[in-house]
Each structure stands twice: as C-alpha cells, then as structure tokens.
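The following exercises practise the reading of a protein model. Each task is followed by a solution that proceeds step by step.

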Amino acid sequence: MSITRIQSFAFAGIEAQPVEVQVQIAAGLPVFLVVGLADKAVAESRERVRAALTAMGLALPAKRILVNLAPADLQKEGSHFDLPIALGVLTAMDVLPAEEMARFAAIGELSLDGRLAPVAGVLPAAIAAGARDLGLICPAAQGPEAGWAGEIGVLAPADLLALINHFRGEALLEPPPRGRFQAPSRQPDLADVRGMDGARRALEIAAAGQHNLLMIGAPGGGKSMLAARLPGLLPDLTPREALEVSMVHSVAGLLSEGRLVTRPPFREPHHSASMAAIAGGGNRARPGEISLAHRGVLFLDEFPEFPRAALEALRQPLETGRTTVARAAAHVTYPARFQLVAAMNPCRCGHLFDAARACGRAPRCGEDYQGRISGPLLDRIDLVVEIAPASPAELMRAPPGERSETVAARVAACRAIQRARQGEGVGNADLAGDAIALDEGARALAEQAADRLHLSARGLTRILRVARTIADLAGVDVVRREHVAEAIAYRHRQPGRAAPARRLAAQAGD
C-alpha cells in the first residue's frame, strides 16, 4: 500500500494556496471517498473521474480508494480538483509514473468522456506553480493563459487520454501557443460631445489623476455619453498592472481565450445589482464589480437607485484599494483600486432645475433623492459637476470638440509626470496631503476653503489632490492659488448645492 501525491491549488482571493491531493488505494470494501473539507462540487468529482476512466476503457480497482485534500482545515471549492484527483488515482494504479507527476501541479475539470473543460484561476495557479519550481497541467483552451506565468513547463491536453499517452511516451504533447494580448476595441470619441466644456474639463482631470467623479444633470443631458468616452482617455496598463488585473479576471473566469488584459477595465453594473455583485461574495466569495474594475473604472449610472448597502460597501475600498469578503470559515481579500464614476439625476423626475418641467414636490423631491447618497460616501468623491443639457442650436451648430486622442496625449503626459515623481502605481488620487507642494497663496486659499466650507480632513486632502493634477496638466511643479481655486469649484458639499464652493472659487480667481 502506498500514497501518491499530486499538487493542486485552492483560491483565497487571487492568491493560489497549495493543496496536496493524496490518494491511497487499499484493501477493503469497494468505496471512493473524498475528504478534506471539500464542497459539493469537489465531492462530486469522484463520479466524473469514474466516468472519465470508463470512457477510456479503464476501471477503478475493487478496493478502498481514499482521496485526502491537504491541509484538511482549508476549504476546497470548485470543479478544478477533478484533474488532480484523476491523476492521483491513475498514478496509484501505476498507469502514470509517480516521478514525472511529482514535477507538475494540475488544475482542470473533467467531462464524462474524459475531455478537459476550462476552469477559473489558471493564471494564479500557474504563477504559484512556477514559484514552487513546478510545471502546470491545465485544459488545452487555457494553455496560453498559463504561459503568461513565465518560464514554466505547461502541458495543455485536450483530454485525459492525451495526457496519459504523453507521459507514457506514445504521443508527446506540443507546447501550447503563446498567449495574446487583449484585442483593442473601438472607443467612442470625445469629439462627438458638443459644447459641455466644463464637463469635458472635469473628465480630463479625472482621467489624468484617477479621481472619482460624479455627474449630475437632467435626463438626456449627456452624462452616460461622457462616461462612455472616459476609457478612450486612459493609457494602457503597465505590465505589472496588466498581470494584477488579469489574475482577478482569471479567478472570475472572465479571461477570454487566455488574453492578457492590457486596457483599464470599464465595468457598468445595472442599478439592480446586489451588494454581493458589487462588493463580492456569494456562496464561493467571488470577486465583485469593484474588483473586476481594479486599475480601471467603475461606472454607476442612476447612482441613488443602487441599494443603500451596495453603495455603502464602496466606502472602505475607495480608501484602501481592496475589499474583504468575510465568511465564518475564512476572510477573502480581493484588490479593488478602482476609479468611481457615477451619474445621477437631480431628483426622481430629473427636472429639478427646470421650473417649467419640475414636479409639484420640488425642491423637496430633490433633497429626498439626493439624500440617498450618504455624506461619508459623497466625501470620497473628488469632482462633482452639474451638467446642463445643450441647447438645440448648440447641438446642431457647435463645432466638434477635441478628439479623444488629443486629450489622451495630455492625460498620458500627466500620468508620466506622476510616475516620475511618485513611482509606478501611485496616482495623484492616492497622494498624502503633506506630499503636495503648495505655494503660500494656494495654502492660504486651502485653509480658507476648509474653514468656510466646513471640510473634513479627507475633503481638504482630496481638494489638494485634484489641485495637484490640475497643476500637472499645466506643467507646473508647485500647486498655485488658481489650481486650488479650480479644485474647490468641483467640490460640492451636497449635489446641487455648490454655491458656497463656487463663490469661494470665484473670489479666489478675482
């Protein structure tokens, strides 16, 4: 009696934790047991393994087969344990050589006919296997994805029989093709936006400094149109960021054809989405929209219509750049450094600022509607702009604005300044207040704004961060008074009530 061991992985967030699949075949009543804190999908693997072996003309021995997933106190979830369990059983049956199998980790789901089906998490598993000087065996469709882990041996068979033939030397598997990058998609052009100079300016500042943005305006005023053009202003992800984002998408099973994500994600969930869908969670603690938007943009249209719990779940990730899904057995942490862009009407009917079209409850309806957004959440938004709908004459006769590529070039230059000053991965939206160089006029205006607008420490810091971005766009090393004044104009204590901030900004400009 001997024990065979096959390496595999369980997932805690985007971290692949090693799991040793131990298989023992011993004398006793015929039984196939899987132990080691396995969920239902893992427990059902024994039937898939049995069917796959039968399809190849093999039969399980009429003995006691015990599969232990170690460590036993770590929760095992998902169908990706099918392949390592099958390999462990075949090794214990002397169908596969134990010495060769010790050089590989395995992950994959078995079909009843022995084919290997794609699973989530191949990229983190490949990186973890490479860190342990192991190769990785995965489904054929995900061989290119595993190849992004670097110089590791990857076997990507289409079915279990092809893998057996490879290890027996009868038909060697070809190396999987090299992974490809995310296919570029055509983005809407900012030149389509007529007029709306203030909103375009705010969008450029948000893109340059990765600042959170809230747009308020009547229905059909162009809020969603502006948000849809934000991705076209953002630079490509750095190699490190691309790997981070791709790992999150791999764990979520969204890495299509093994293509590495090279563009900032743009996620736009519907306002009926639950808190688990936004922040992450569910039975298997999957990543939510805020994690899928990591290093990219989370666009929430109809902002106040989202469930209150889902909106409040944004508060901590906006500060820390990560989210933790708490369970009784474990805590799972996902990265969530995203840029929040939101759009909302000023009231339920949407015509609060149009006396001719406003409902009979104005202005009370606007206060009630805007009150759905809590003060602490609003305090984490850097830029708030009120968008007035363009007039028919402006829509028909105004010349096209700047193209996205022109604005994107300025954004890329601003990002390069930040990278040279602060290092990779630290944008102006993450700067500490004492790291921002101010001249005396800017400092005096910031102190005056904090006093007159009753700003919190967070609110004051966010004004200074926006001012730093405005200065970077202007190519200025030290933040000046006019940069702080413009940043103050974008700071609303409450949506639709920006008069104090605007008056202060106007006085500063004078």
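The protein chain contains 22 helices and 16 strands. The model is a predicted one.

**Exercise 1. The chain as a whole**

Task: Describe the extent of the protein chain, the burial of its residues and its division into domains.

Solution.
Step 1. Along the principal axes, the C-alpha atoms occupy a box of roughly 90 × 45 × 45 Å.
Step 2. Of the 510 residues, 51% count as buried.
Step 3. Among contacts with a separation of 6 or more, 74% are between residues 24 or more positions apart.
Step 4. The chain is divided into domain 1 (1-166), domain 2 (188-402) and domain 3 (430-509).
Step 5. The centres of domain 1 and domain 2, taken over C-alpha atoms, are separated by 41 Å. Contact between these two domains involves 14 residues of domain 1 and 18 residues of domain 2.

**Exercise 2. Two pairs of packed helices**

Task: Determine how helix H8 is oriented to helix H20, and how helix H19 is oriented to helix H21.

Solution.
Step 1. Two packed helices are described by the angle between their axes and the distance between the axes.
Step 2. For H8 (residues 197-209) and H20 (residues 457-474), the angle is about 95 degrees and the axes are 9 Å apart. Angles of 65 to 115 degrees count as roughly perpendicular, and H8 is therefore roughly perpendicular to H20.
Step 3. On the H8 side, the contact is made by Arg-201, Glu-204, Ile-205, Ala-208 and Gly-209, and on the H20 side by Val-466, Thr-469, Ile-470 and Leu-473. By class, these residues are five nonpolar, two polar and two charged.
Step 4. For H19 (residues 440-452) and H21 (residues 481-489), the axes come within 7 Å and cross at roughly 25 degrees. Angles under 35 degrees count as roughly parallel, and H19 is therefore roughly parallel to H21.
Step 5. Gly-441, Ala-442, Leu-445, Ala-446 and Ala-449 of H19 meet Arg-481, Val-484, Ala-485 and Ile-488 of H21. This contact has seven nonpolar residues, one polar and one charged.

**Exercise 3. Helix H7**

Task: Explain why helix H7 is described as largely enclosed by the rest of the structure.

Solution.
Step 1. H7 spans residues 160-167, and six of its eight residues are buried, so the helix is largely enclosed by the rest of the structure.
Step 2. The buried residues are Leu-160, Leu-163, Ile-164, Asn-165, His-166 and Phe-167.
Step 3. At the start of H7, a side-chain oxygen of Asp-159 comes to within 3.3 Å of the backbone nitrogen of Leu-161.
Step 4. Gly-169 follows H7 and has a positive phi, near 80 degrees.

**Exercise 4. Two residues and their surroundings**

Task: State whether Ala-105 is buried or exposed, and which side chain joins that of Ser-250 in a polar contact.

Solution.
Step 1. Ala-105 is placed in strand E5 (residues 104-106). Its relative accessibility is 0%, so Ala-105 counts as buried.
Step 2. Apart from neighbours within four places in sequence, Ala-105 is in contact with Gln-7, Phe-9, Ala-129, Leu-134, Gly-135, Leu-136 and Ile-137.
Step 3. Ser-250 belongs to helix H10 (residues 239-251). With a relative accessible area of 2%, Ser-250 is buried.
Step 4. The side chains of Ser-250 and Glu-145 are joined by a polar contact of 2.5 Å. Beyond its neighbours within four places in sequence, Ser-250 has contacts that include Ala-120, Gly-121, Val-122 and Leu-255.

**Exercise 5. Backbone details in loops**

Task: Identify the form of the peptide bond from Ala-70 to Pro-71, and describe Leu-37 and Asp-133.

Solution.
Step 1. The peptide bond from Ala-70 to Pro-71 is cis, and its omega is near 5 degrees. Pro-71 is in the loop between strand E4 (64-70) and helix H3 (82-92).
Step 2. Leu-37, a residue other than glycine, has a positive phi near 60 degrees. It is located in the loop between strand E3 (31-35) and helix H1 (40-43). With a relative accessible area of 43%, Leu-37 is partly exposed.
Step 3. Asp-133 is not a glycine, yet its phi is positive, about 60 degrees. Asp-133 is in the loop between helix H5 (122-131) and strand E8 (135-137). Its relative accessible area is 73%, so Asp-133 is exposed.

Definitions and conventions. Residues numbered from 1 in each chain as written. Predicted model: local features only at pLDDT ≥ 70, side-chain atom pairs only at ≥ 80, totals over all residues. Heavy atoms only, no water. Axes fitted to C-alpha atoms, helices over the stretch in contact; angles between N-to-C directions. Helix = DSSP H or I, 4+ residues; strand = E, 2+ residues; numbered from the N terminus. Parallel < 35°, antiparallel > 145°, perpendicular 65-115°, else oblique. Contact = heavy atoms within 4.5 Å. Nonpolar A, V, L, I, M, F, W, Y, C, P; charged D, E, K, R; others polar. Buried < 20%, exposed > 50% of the residue type's maximum accessible area, 1.4 Å probe, protein only. Polar contact = N/O pair within 3.5 Å; in protein donor to acceptor, adjacent residues only side chain to side chain. Domains from an automatic or database assignment.
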